[in-house]
Amino acid sequence: MIIGLDAGGTHTDAVLLGAEGILHKVKVPTDSEHLFDTVMAALDTLMADRDKAEVARIVLSTTLATNMVVQNRLPEVGVLVAGGPGLNPECFRVGEEYHVVSGALDHRGREIEPLDELELASIGRELQAKNIRCAGVVSKFSVRNPAHELRMVEILTPYVETIFMGHTFSGALSFPRRINTTYLNAAVYPIHKNFFEAVNRSLKAQGLSVPIRILKPDGGTMDIKSSQGYPAQTILSGPSASVMGALASADSEKTSLVLDVGGTTTDMAILLGNSPIIAPHGIELGQHKTLIRALHTESIGVGGDSVVRIAEGEIVIGPDRQGVAMAFGGPVVTTTDALAVLGQLDAGDKDLAKAGVAGLAEQLGLTTHEMAGKIFDTACRRILLAAAEMIETINSRPVYTVHEMYEGLKVQPDQILVLGGPAKQFAARLDVIETELEYGAAIPVPVWQVANAKGCALARTTCEVTVYADTARRVLTAQGEEFQHSLSATATLEDVLEIATDLVKVKAIRQGANPEYLQIEITEQSEFNMVRGFHTTGKNIRVRAQVKPGLIHGYDCETGQLNRPDL
């Protein structure tokens with residue numbers, strides 16, 4: 001059996017998945033101040049009276065790291081940056097303890113300015129005096145040569161407990177995104193480490209000594225040990241859980257608009273058949289543009305618990321949330337209250353909801369029932385408008401899915417897949433009012449209440465590696481894999497392709513993938529001659545390989561069953 005758990009901003013959902021499909025599901029309110037207690041309570045409820053020995057693995061998705069970034073609660077960490085040709089690193093300052101240091105490499109990784117080791121040691125002592133225990137070091141062009149970053153770590157180690165190196169996160173060259181990625185990893189590391197170690201210890205104490213995997217924003221998973229080196233990889237895992245949950249029931253011949261209507265936000269994404277669209281350059285979260293590989297998802301502040309107001313004679317919904325709906329004892333009117341008044345909610349106190357909605361209705365000269373209908377319609381139209389803007393953005397540039405790139409493709413959904421607690425009600429209403437956009441039928445996905453937890457359970461382990469070869473320097477590197485070898489001057493693209501394939505296979509198995517079901521593909525390959533003095537001096541070769549994101553082997557989307565001997 002597999003446990004999938006998604007700790008969202010409003011509710012935490014968990015499912016127990018067996019060969020027959022979903023065996024048990026639970027939904028509990030999320031206490032964001034005590035997330036560990038929430039996760040353990042959901043797991044306790046899910047496994048009550050169940051044989052824990054039959055659980056094969058657990059896949060978790062949490063808002064832990066995302067909340068820290070969004071709420072600006074990141075602890076101070078040291079960031080040491082060595083520049084090179086181009087813009088001054090001061091332009092990319094992040095955090096209070098940001099230090100631009102001496103030392104530079106050129107675009108091929110050759111040293112053009114040495115590090116100032118006395119300067120680095122001085123900064124280390126300064127960080128130690130301020131009790132700053134985590135740091136990140138970044139050298140421009142470190143993906144071509146990590147020597148400066150490795151030396152910076154050696155010098156800082158006596159003063160700082162944990163240090164992240166920029167070259168380990170991606171083979172892409174973007175210097176500003178690498179700085180942000182390194183900073184976020186260092187900043188979320190302590191709370192990520194403490195949280196998941198506590199979960200691991202508690203589960204073991206309860207007899208659940210099984211592999212724990214963490215959902216990533218690209219829809220794949222990694223094991224808990226690997227996540228300690230890349231904690232920022234858990235940012236935005238919640239929306240990716242929604243996509244994976246919808247993927248389990250997506251029509252392979254259609255383009256689907258995915259809408260996960262939660263209590264605080266609605267998360268949106270696009271599926272081209274069975275392929276999610278991906279953000280090719282990495283997550284953008286607030287001011288932080290990163291190299292973290294992620295599905296293309298967008299969120300708006302319209303959910304079941306979003307505040308409903310009247311402003312200048314118009315209904316305004318969200319983006320804030322001030323607790324639960326009035327029907328459940330909350331302080332302000334929400335969309336959920338409108339559903340209660342319309343008779344589309346089985347739980348809560350309908351009279352409390354009516355009283356709240358009536359107050360707003362009076363301001364617009366409407367009946368309570370009319371007002372509830374207008375609130376619900378406004379919420380649906382806000383979501384559709386935001387979805388249209390997202391699709392327009394996607395169509396303004398080449399479209400990348402997790403498997404391939406499309407030039408000139410115009411995305412036009414054929415159907416809307418809706419999940420989340422009120423998915424059934426929203427799907428029915430969207431189906432009525434969605435006419436001009438021609439997005440097709442709106443359909444609640446199976447087990448829509450906990451579909452994102454199901455998506456967690458079904459996500460497979462993924463990873464990627466980028467290999468860079470410089471035959472003139474006779475060097476081949478795969479940054480992030482701590483792989484650097486000498487290379488023949490006559491090495492070819494085919495040689496590098498083979499090395500990249502082997503490396504991604506080893507990495508995937510190390511992170512918990514089943515070696516029997518690996519699907520490896522090359523997502524990028526390029527080579528060009530390097531010329532100096534009218535003569536070709538060698539080749540520059542770059543290859544990126546990945547394990548395809550998707551659902552685990554053996555899952556039948558039509559029956560919802562798993563046909564695997566290891567469950």
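How many nonpolar, polar and charged residues does the lining of the second largest pocket have? In this predicted model, the lining of that pocket has ten nonpolar, seven polar and seven charged residues. The space in the second largest pocket comes to about 540 Å³. It is lined by 24 residues, and those closest to its centre are Pro 280, Arg 293, Tyr 400, Glu 524 and Arg 544. Three elements give two or more residues to this lining: strand S16 (278-279), strand S30 (520-532) and strand S31 (535-547). Strand S30 gives the most, with three residues. In general, rolling a probe the size of a water molecule over the atoms shows where empty space is left.

From the pocket we can turn to the sheets. Strands of a sheet pair through backbone hydrogen bonds, either parallel or antiparallel. One open sheet has six strands in the order S3-S2-S1-S4-S11-S12, and its pairing is mixed. At its edges stand S3 and strand S12 (221-223), each of which pairs on one side only. From one strand to the next, the twist averages 20 degrees. Both senses of pairing can be found by following the strands of this sheet. Strand S2 (residues 11-18) and strand S3 (residues 21-29) are antiparallel, paired over eight bridges, and a hairpin of two residues joins S2 to S3. Within this pair, Thr 12 stands opposite Val 28 in S3. Strand S4 (residues 57-62) and strand S11 (residues 212-215), by contrast, run parallel and are joined by three bridges; here Leu 60 has Ile 214 in S11 as its bridge partner. Helix H1 (residues 35-47) packs on this sheet, where it touches strand S1 (2-7), S2, S3 and S4, and its direction makes about 145 degrees with that of S3.

A further open sheet is built from four strands in the order S6-S5-S9-S10, with parallel pairing. Strand S6 (98-101) and strand S10 (162-165) stand at the edges with a single partner strand each, so one side of each is left without a neighbour in the sheet. The twist averages 20 degrees from one strand to the next. Strand S5 (residues 78-82) and strand S9 (residues 134-139) run parallel and share five bridges, with Ala 82 standing opposite Ser 139 in S9. Two helices accompany these strands. Helix H3 (residues 117-129) lies across S5 and S6 and runs at about 170 degrees to S6. Helix H5 (residues 175-205) packs on the sheet and touches S5, S6, S9 and S10, its direction making about 165 degrees with that of S9.

Two other helices give a view of buried residues. Ala 353 lies in helix H9 (residues 350-364). Is this residue buried or exposed? Ala 353 counts as buried because its relative accessibility is 0%, and the cut-off for buried is under 20%. Leaving aside residues up to four places away in sequence, Ala 353 touches Ala 327, Asp 337, Ala 340 and Val 341. The C-alpha atoms of Ala 353 and Phe 328 are separated by 8.4 Å, although the two residues are 25 residues apart along the chain.

Helix H11 (residues 423-433) has as its buried residues Ala 423, Gln 425, Phe 426, Ala 427, Leu 430 and Ile 433. An α-helix has 3.6 residues a turn, so residues three or four places apart point the same way. The buried residues of H11 pack against strand S13 (255-261), helix H8 (335-341), helix H10 (368-395), strand S25 (415-419) and strand S26 (441-444).

How values were computed. Residues numbered from 1 in each chain as written. Predicted model: local features only at pLDDT ≥ 70, side-chain atom pairs only at ≥ 80, totals over all residues. Heavy atoms only, no water. Pairing = 2+ DSSP bridges. Axes fitted to C-alpha atoms, helices over the stretch in contact; angles between N-to-C directions. Contact = heavy atoms within 4.5 Å. 1 Å grid on protein atoms, 1.4 Å probe; cavity = no way out; pocket = protein on both sides within 12 Å on 5 of 7 lines; lining within 4 Å. Points joined across faces, edges and corners; volume = space filled by probe spheres on them. Nonpolar A, V, L, I, M, F, W, Y, C, P; charged D, E, K, R; others polar. Buried < 20%, exposed > 50% of the residue type's maximum accessible area, 1.4 Å probe, protein only.
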